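Student: I'd like a close look at one part of this model, mainly its backbone and how it packs. Could you walk me through it in one go, with the cut-offs spelled out?

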Amino acid sequence: MLQAKSKEIEERDYKEKVIEGNEENPASAKTIVKLKGIRKQYNTGVLAIDHVSLDIQEGEFVSIVGPSGCGKSTLLRIIAGLGDYSAGSLEIASGDANGKGSKDSGLSYVFQDATLMPWRTVIDNVILPLALRKVPKAEREAAAMEKLKMVGLEKYADSYPRQLSGGMKMRVSIARALASGPKLLLMDEPFGALDEMTRFRLNSELLQIWQDTGITVVFVTHNVQEAVFLSTKVVAMRAHPGRIREIVPIEHAYPRGDEFRSSMAFTELSATISSLL
Amino acid sequence: MITAVEERQAGTEAYEAVKQVKMKMKRRKLKGYTPPVLLFLFILVLWQSSNKLFGIEPYLLPAPTKIVQAIIDNFSSLMQASYMTFIASMGGFALSIVVGVLVAIFMAQSKVVERSIYPYAVVLQTVPVVSIAPIIIVWMGPGLNSILLISFIVSVFPIITNTLTGLLSTEHNLVNLMSLYRASWWQKLWRLRIPFATPYILTGMKISSGAAVIGTIVGEYQAGIGGSDGGLGYVITVAATQLRMDYLFAAAIVSCVMGFMVFILVNMISNLVLRNWHESSIEMEN
């Protein structure tokens with residue numbers, strides 16, 4: 001009885017926090033992802049995530065942080081449509097107006113590994129989403145080259161993935177994700193396997209791309225500082241079962257650089273969020 | 001200041017250095033060939049003098065010179081036979097590749113399909129070719145068709161099993177990626193699964209190329225088509241019944257050379273296809 005009551009309070013608590021989080025955004029912004037009471041239970045009975053409600057507005061950079069096993073990757077896969085959920089509702093407004101039968105889901109996904117095709121050159125890897133959509137050849141090559149320039153790899157267009165370093169491979173992966181011109185970019189710990197220097201550089205480059213394109217990013221990481229540095233808001237999750245603990249807005253202005261990383265506000269925010277996990 | 005002459009000289013020196021390194025590598029490579037060649041020559045000399053040294057009768061073990069003589073004497077008939085065998089084995093091999101890959105694609109569609117077909121594919125591999133060859137020859141008559149089919153039966157299994165492994169081990173996230181971009185079944189097959197399975201298919205081809213040649217020769221041996229259409233299998237039959245050991249050895253050597261050449265050819269194709277991306281064909285610098 002007592003347990004049930006405390007659970008109720010908890011739930012009300014987190015609902016309020018969600019609402020609080022939403023108020024931080026201008027009312028005019030369009031909601032691009034709307035999760036409501038999402039629950040994922042595996043066939044084995046294990047509850048991966050439960051009661052996850054989250055609104056993401058167009059143009060936001062939202063990070064999801066949490067310890068391993070909190071279901072953050074599972075949540076991202078559900079948003080991408082790569083995994084199904086047991087209960088709740090999910091609305092994605094990234095696809096074009098043509099509806100469900102459309103070739104364009106309007107979202108892209110960056111995996112933990114670069115997930116490139118080793119038999120395709122760098123440019124051909126970036127072209128892939130456009131080739132699948134049967135975009136005319138000249139057009140797709142120009143588009144892919146433009147994205148490669150965005151990540152600074154235009155000189156490596158004709159190289160093969162094996163000739164690139166880990167950081168460069170991840171850049172190709174990001175260029176490929178951008179090639180289809182998505183509204184929503186989902187990233188699953190994309191820089192987790194990179195060294196810190198490379199990660200810092202890619203963080204800045206990613207922010208630049210985000211600002212230039214106005215794309216919405218949902219970024220999963222276990223690194224709290226990375227989340228604080230990048231995001232407009234940080235979703236803190238905890239495990240067993242995975243739930244949203246709190247949504248913390250990060251109000252520091254963009255562009256962000258080293259001065260933000262070394263500021264008091266940054267340290268405090270990081271500490272606050274770490275304590276929530 | 002470096003003058004143009006000095007610069008050119010430096011260029012030539014660098015060129016010379018590279019040339020020397022290349023020569024060194026070439027010499028090292030040649031050095032690698034020396035031991036097996038020496039062994040071969042040693043055995044050849046031993047063989048040549050086996051009659052005198054160990055008293056082995058020449059009609060049981062003809063001397064290498066006699067075998068070479070037999071190859072020269074029967075050169076045109078051996079070449080004609082080799083040509084027939086080559087055509088039949090390449091036909092069987094090609095059939096194996098096409099059917100093997102198609103069957104593997106079909107099997108990769110579902111676990112149920114895979115489980116229902118696999119045992120029969122294994123049966124193809126385990127049935128002794130000498131027992132099945134006469135049946136096929138009785139059914140289809142002695143001719144190119146039955147020999148091709150025997151060659152096919154012997155060589156198809158490695159293609160099926162290797163291709164299937166390749167198709168089923170396709171990187172899961174690449175499959176997810178294709179799904180995210182709403183790729184069709186065909187697109188997933190052509191742009192992902194087949195390229196991913198290519199190194200596996202090529203490995204299967206390397207194994208089955210030799211098997212296709214052996215299958216063909218066994219088929220010809222059993223079919224017993226006479227005259228100029230007989231192939232190496234028939235040459236072996238004739239030589240064996242007449243106890244012409246030198247000719248028998250000659251046929252065996254020609255068969256070996258053909259199997260070897262076919263393998264080298266497949267290996268070259270494999271390296272050509274994979275040289276840009278697959279670990280097995282990349283020359284590592286370290």
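Tutor: Helices and strands here are DSSP runs, numbered from the N terminus: a helix is H or I over at least four residues, and a strand is E over at least two. Bear in mind that this is a predicted model, in which local features need pLDDT of at least 70, side-chain atom pairs count only at pLDDT 80 or more, and totals for chains, interfaces and linings use all residues. As for labels, residues are numbered from 1 along each chain as its sequence is written, while chains are lettered from A and ligands numbered from 1 in the order in which they are written.

Let's stick with chain A, which has nine helices and nine strands. I'll go for the odd backbone spots to begin with. A:Pro241 sits in the loop between β8 (233-238) and β9 (243-249), and the peptide bond joining A:His240 to A:Pro241 is cis, with omega about -10°. Go past β9 and there's another cis bond, from A:Tyr254 to A:Pro255, with omega near -5°. A:Pro255 is again in a loop, this one between β9 and α8 (258-261). Those bonds deserve a second glance because most peptide bonds are trans, and most residues other than glycine have a negative phi.

That brings us to the phi outliers. A:His51 isn't a glycine, yet its phi is positive, near 55°. You'll find A:His51 within strand β2 (residues 47-57). For burial, count the other C-beta atoms (placed from the backbone) within 10 Å of a residue's own: 20 or more makes it buried, 12 or fewer exposed, and anything in between partly exposed. A:His51 comes out as partly exposed because its count is 19. A:Thr115 is another non-glycine with a positive phi, about 50°, but its setting is the loop between β5 (107-110) and α3 (122-132). A:Thr115 is buried, because 21 other C-beta atoms fall within 10 Å.

Now for the packing. Of the 277 residues in chain A, 41% are buried. I'll call two residues in contact if their C-beta atoms, placed from the backbone, lie within 7 Å. Take the contacts in chain A between residues at least 6 apart in sequence: 71% of them join residues at least 24 apart.

A:Val33 gives you a feel for those long sequence jumps. This valine belongs to strand β1 (residues 31-41), and it is buried because 22 other C-beta atoms lie within 10 Å. Setting aside neighbours within four places in sequence, A:Val33 contacts A:Ile56, A:Ile79, A:Ile92 and A:Leu184. Its C-alpha atom is also 9.7 Å from that of A:Thr216, 183 residues away along the chain.

For contrast, try A:Gly214, in the loop between α6 (196-213) and β7 (216-221). A:Gly214 is exposed, since just 9 other C-beta atoms lie within 10 Å. C-alpha to C-alpha, A:Gly214 is 8.2 Å from A:Lys183, and the two are 31 residues apart in sequence.

Next, the core. A nonpolar core means a set of buried Ala, Val, Leu, Ile, Met, Phe, Trp, Tyr and Cys residues joined through C-beta atoms within 7 Å. The largest has 81 residues, and the members touching the most others are A:Val126, A:Ala175, A:Leu186, A:Val218, A:Val234 and A:Val235. Zoom in on A:Val126: leaving out residues up to four places away in sequence, it touches A:Ala144, A:Lys147, A:Leu148, A:Val172, A:Ala175, A:Arg176 and A:Ala179. As background, nonpolar side chains tend to be buried together in soluble globular proteins.

Last stop, the side of chain A that meets chain B. The contact draws 16 residues from chain A and twelve from chain B. Those on the chain A side split into ten nonpolar, three polar and three charged; here Ala, Val, Leu, Ile, Met, Phe, Trp, Tyr, Cys and Pro count as nonpolar, Asp, Glu, Lys and Arg as charged, and the others, Gly among them, as polar. For the complex, the predictor gives an ipTM of 0.80 and a pTM of 0.80.
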